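Student: I have a model open and would like to talk through some of its helices and contacts. Could you help me?

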Amino acid sequence: MGAGSQLTVPGGGKAGGVYTWEEVQQHSSRTDQWLVIDRKVYNITQWAKRHPGGLRVIGHYAGEDATEAFAAFHPDPTFVQKFLKPLLIGELEASEPSQDRNKNVSDGLFQALAWLMIWYWGTNWIVTLLCGVILATAQSQAGWLQHDFGHLSVFKESRWNHLVHKFIIGHLKGASANWWNHRHFQHHAKPNIFRKDPDVNMLSIFVLGATQPVEYGIKKIKLLPYHRQHQYFFLVGPPLLIPVFFHIQIIRTMIIRHDWVDLAWCVSYYFRYFFLYIPLYGLFGSIALLSFVRFLESHWFVWVTQMNHLPMDIDHEKHRDWLTMQLQATCNIEQSFFNDWFSGHLNFQIEHHLFPTMPRHNYHLVAPRVRALCETYGVPYQMKTMWQGFTDIVWSLKNSGDLWLDAYLHK
């Protein structure tokens, strides 16, 4: 293998080895994984299972250069070096390129307000509907807040971010921090890439992008009338994602992985909620109110998160460089006070994906520099109105459905 090979290390490779990209790329299976960071070659096969961000997010870079992703996800690289050192098996040959292939708290106040309003004015329909809207607002804003802590962008010390993250997503939202971490970090590592980004795994309910619809059409796959997906999206996507798909997945994940800490946080949310609302609405009324809140929250979440990604390029792995991969999978929504608040500053999706640990209040400061950099190197930087972002979701689904129908009928 390498000219400087010395001692064989556990899991394959040789300490002090010198490798080509062809050799590194041979180690990209689930049972044999190497990656490259700053031209250093690491064997992560055994350690991937202990990776704090989950084995999938690091496994998506097996056989590839992970330098930019490593820098984006780890705010304290010096601390992480102690974990990398035992995994080091060598470096790239001097003649090899550096990159592989062609790479170049208000929510708590809202919840208190909702309960106090019902306690004071009673449970008539108008007050109940207003309460539901306020609780949905609290849940949505808590979602953006947990997102900040989940990305380690609030405190300098990671442990404090993790602790507050568990409290917010568990006790204030009734979800799981570990489930969110393992899912969301994969999305950031490989956005809009089939088999690697969970957010584009639509369980064959929808066909996305320009490639998947044609593949399904040629194979005569018709689990649903995909040419109508832009219509049934309104019945399946926004109303059901959080109340049905996410919550089933969250409970299943916590039980299968024996994640009892997250389960305890989740149970504390439901205990608090029913303790406060059963005396006002009874058991079934409380469940109905919670379902209504989740219904509203799900609409808010789906439209905001999908306007930045669904209309963009969605395809199989193409091994692009970090900047190109992120820019082709994301777009921005114009800045305004309402847009910033409504989306939790995720209207700056490009900057968020390029710098996932950056505090959200800094996005607008770095955005002009990112845009100028993209113009210099000819990388498209898309900016839309929020309404355009919403309509593009529907049009992208229609276009993908039309591609499927054409392939299904004529190929």
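Student: Leaving aside its neighbours within four places in sequence, which residues is Q212 in contact with?

Tutor: Happy to help, and keep in mind that this is a predicted model. Q212 belongs to helix α9, residues 212–218. With the neighbours within four places in sequence set aside, the contacts of Q212 are F194, F206 and V207.

Student: Does Q212 count as buried or exposed?

Tutor: Buried means under 20% relative accessible area. Q212 has a relative accessibility of 12%, so the label for this residue is buried.

Student: Let's turn to α6. How far does this helix reach from its first C-alpha to its last?

Tutor: Helix α6 covers residues 125–150, which is 26 residues. At 1.5 Å a residue, 38 Å would be expected. The span in the model is close to that, at 37 Å.

Student: And how many residues of α6 are buried?

Tutor: The helix is largely enclosed by the rest of the structure. That follows because, of its 26 residues, the number buried is 21.

Student: How are α6 and α7 oriented to each other?

Tutor: Helix α7 spans residues 158–172, and its axis comes within 8 Å of the axis of α6. The two axes cross at roughly 160°, and angles over 145 degrees count as roughly antiparallel. The crossing is left-handed. So α6 relative to α7 is roughly antiparallel.

Student: Which residues of α7 do the residues of α6 meet?

Tutor: On the α6 side, the residues are Q139, A142, L145, Q146, F149 and G150. By class, this contact has 7 nonpolar, 5 polar and no charged residues. The partners in α7 are N161, V164, H165, I168, I169 and L172.

Student: What is the orientation of α6 and α11?

Tutor: Helix α11, residues 260–306, has an axis that comes within 8 Å of that of α6, and the two cross at roughly 60°. α6 passes α11 in a right-handed crossing. Their contact has 16 nonpolar, 7 polar and 2 charged residues. As for the orientation, α6 and α11 are therefore oblique.

Student: One last residue: what separates the C-alpha atoms of I242 and R294?

Tutor: I242 sits in helix α10, residues 229–256, and counts as buried at 6% relative accessibility. Leaving aside neighbours within four places in sequence, I242 is in contact with H247, R294, E297, S298 and F301. I242 and R294 are 52 residues apart along the chain, yet their C-alpha atoms are separated by 6.6 Å.

Conventions: Residues numbered from 1 in each chain as written. Predicted model: local features only at pLDDT ≥ 70, side-chain atom pairs only at ≥ 80, totals over all residues. Heavy atoms only, no water. Helix = DSSP H or I, 4+ residues; strand = E, 2+ residues; numbered from the N terminus. Expected span 1.5 Å × (residues − 1). Buried < 20%, exposed > 50% of the residue type's maximum accessible area, 1.4 Å probe, protein only. Axes fitted to C-alpha atoms, helices over the stretch in contact; angles between N-to-C directions. Parallel < 35°, antiparallel > 145°, perpendicular 65-115°, else oblique. Left-handed = near helix turned anticlockwise from the far one by under 90°. Contact = heavy atoms within 4.5 Å. Nonpolar A, V, L, I, M, F, W, Y, C, P; charged D, E, K, R; others polar.
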